[in-house]
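Q: Hi! I've got this structure open and would like to talk through a few parts of it. Could you help me out?

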Number of protein chains: 2
Amino acid sequence: MSIQQVAQQAGVSVATVSRAFNSPGQVAPATRALIERTAQRLGYVPNASARTLRSQRSRVIGVVLPTLINPVFAECLEGIAQAAAAKGYAILPMTTEYSLQREEHAVQQLQASNVDGMVLVVSSPGASQALQQLASRGVPYALIYNRHPDHPCVSVDSEQAVADLVTHLHTLGHQRIAMVCGHRAASDRAQQRSKGFLQGMAQAGLATPLVLEVPFIHAAAQQIQALLQGSHRPTALVCSNDLLAIRSIRAAVQMGLRVPHDLSVVGFDGIALGLELTPMLSTIAQPNADMGARSVSLLLEALARGEPLQAHQSITLAHQWRTGESCAPAP
Amino acid sequence: MSIQQVAQQAGVSVATVSRAFNSPGQVAPATRALIERTAQRLGYVPNASARTLRSQRSRVIGVVLPTLINPVFAECLEGIAQAAAAKGYAILPMTTEYSLQREEHAVQQLQASNVDGMVLVVSSPGASQALQQLASRGVPYALIYNRHPDHPCVSVDSEQAVADLVTHLHTLGHQRIAMVCGHRAASDRAQQRSKGFLQGMAQAGLATPLVLEVPFIHAAAQQIQALLQGSHRPTALVCSNDLLAIRSIRAAVQMGLRVPHDLSVVGFDGIALGLELTPMLSTIAQPNADMGARSVSLLLEALARGEPLQAHQSITLAHQWRTGESCAPAP
DNA sequence: CTGTTAGCGCTTTCAA
DNA sequence: TTGAAAGCGCTAACAG
């Protein structure tokens, strides 16, 4: 089913059929109606590859994410997809599983696919080859969750958020607060959040802050339990994301601790599932879908202006403390 | 960066460059090395649109899923992505949010994108316009999770699984067993699972089976709590998926019931997160990533043979009872 | 082993 | 308002 056949059937030229689809206003109403009817009857759908090849724009936005197993990224992707669809754009998502190599590969693939722009979550913006390539080639892109002065980012202020959280915990009477943190090398979020933790602890005048670094992928129950051992154990655990919080709760309950009675556990991200859990997850909630949507608008505006996004166009969105049920005053 | 410029820089014809990429064996080692070096230096990546347009194959597999918010589909997608990548295929996922209209739209978009084949989870294979279109146009496709005699499907026998589960619960002493089920109109899985429930109840000689139908999207705590009211309340709840099980546990705990002591709750799907919860989710686990992978292999085999998949090539994979901690003998 | 060449289906001047 | 025609970048005969 090509434009040729539609043109032939309708008794017009291919150019007219093309116009009927792309700038209907330029086609006489009668002609347009005829073409629409014919196309409908033949089940004609314009060939995206040909269109892209010829017009040098694909109306596709590439998306690079660490993984879809962590619901925070799935939620964000839904936001991206929705915002893109509303503007007539399709999305092409790729996951990197926190691997730098796959990050570069994804970016390369997306470039080959002629995406008009990209939305990415990378490990570490400062160190990313992939981003450099994008910048040097003038491909418009926006980062989400990442924060970096040299790149256009849509994010929340994790550092401040966690620092404030520590203050809040301190107010609740917690003195011994520890952090469970994802691999900082694989995520600038983990870095910022742990930085905020240390800052908050210092501000509160709390001593010897403990930060336990664990992998993202597998549960690390034993390490967490080791952290919770002894009479001088922490009374509150700050986790660098909700998934780690969920794992921490399990680890704690397994060793006989009650959450939040004996131990407060708070997460970061605000995944929707956290609201359904028992206890409901106490967490610093990010507007995940909205962040996705905002990054798309930013990107599309840049596309419309015909120039890449600048670092100074970064957006910091408000986070929100979700009280939940896994956090309580110190015992 | 086009093949032209690489050819020129390397002092060979475009055909040779093309061959160097697509059938390296046909190019003299020295020439190939030169081309590879040149391409590398210039940062050349073949243009996917041009390639697809010319060769009439995109090496892309379209994927249609209800949503990525339910982790079962996210896990499945990871399986699909991995299997596809291993064979040099990219994937193009679209979500339908359980809407029939979006289902058709997705299929149409994917066709326009020249995908070589599709993997889909639809609401109801028997009623799907989209599938009919695919079949009539000879586009190879495979369904996952769905089960239907007229379509090639990769699935587990949900009906049998749930029937067996009811037997198991009966063995554990449960007499009053109810089901919490997703909208049957929006999902043939919900249909099959509720059918299995009724069958299991009949087999066990248990009376008046209660099936509560709830929406997929929003929590329905009140309806579930109404079901659990009174002294003659169920002692076990069979949920048509893990998300509903998680919600049911919350609803139960909120009204003072202990899980599994007062009430057993079992799910269906085997999402990875279920293993991390407290109590760990008791569930009928499907091999989600594997199902995705198998559907891809099936599809690629069909592609290699140059013909669509047939209904009789359907695969039924084994499910597995995951004991968990949310299910116990009747109180 | 390498080069020449004809399109794949579409958009977009340029003319009429 | 419409048509003719020139490619977008690539692959796949075909020829050498």
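Q: Let's start with helix 12 of chain A: why does its end-to-end distance agree with what it should span?
A: Bear in mind that this is a predicted model. Helix 12 covers residues 288-305, and its 18 residues at 1.5 Å a residue should span 26 Å; the end C-alpha atoms are 26 Å apart, so the two agree.

Q: Nice. Which of its residues are buried?
A: The buried residues of helix 12 of chain A are A:Asn288, A:Met291, A:Gly292, A:Ala293, A:Ser295, A:Val296, A:Leu298, A:Leu299, A:Leu300 and A:Ala302.

Q: And what covers them?
A: The cover includes helix 5 (71-86) of chain A, along with strands 1 (60-65), 3 (117-120), 4 (141-144), 5 (153-156) and 11 (315-317) of that chain.

Q: What happens just after the helix?
A: There you meet A:Gly306, which takes a positive phi of about 75 degrees.

Q: Switching topic: what are the domains of chain A?
A: The assignment gives domain 1 (3-46), domain 2 (57-155 + 288-316) and domain 3 (158-286). Between domain 1 and domain 2 of chain A, the C-alpha centres lie 35 Å apart.

Q: Now the DNA. How many residues surround strand C, and which are the closest?
A: DNA strand C has 27 residues around it, the closest being A:Ile3, A:Ala15, A:Ala50, B:Ala15 and B:Arg54. Helices 1 (3-10), 2 (14-22) and 4 (48-55) of chain A and helices 2 (14-22) and 4 (48-55) of chain B each give two or more residues to that surface.

Q: Which element gives the largest share?
A: Helix 2 of chain A, with six residues of the surface near DNA strand C.

Q: What's the chemical mix there, near DNA strand C?
A: The residues of that surface divide into 13 nonpolar, 10 polar and four charged.

Technical notes
Residues numbered from 1 in each chain as written. Chains lettered and ligands numbered in written order. Predicted model: local features only at pLDDT ≥ 70, side-chain atom pairs only at ≥ 80, totals over all residues. Near = placed C-beta within 6 Å. Helix = DSSP H or I, 4+ residues; strand = E, 2+ residues; numbered from the N terminus. Nonpolar A, V, L, I, M, F, W, Y, C, P; charged D, E, K, R; others polar. Domains from an automatic or database assignment. Expected span 1.5 Å × (residues − 1). Buried ≥ 20, exposed ≤ 12 C-beta atoms within 10 Å, placed from the backbone. Contact = placed C-beta atoms within 7 Å.
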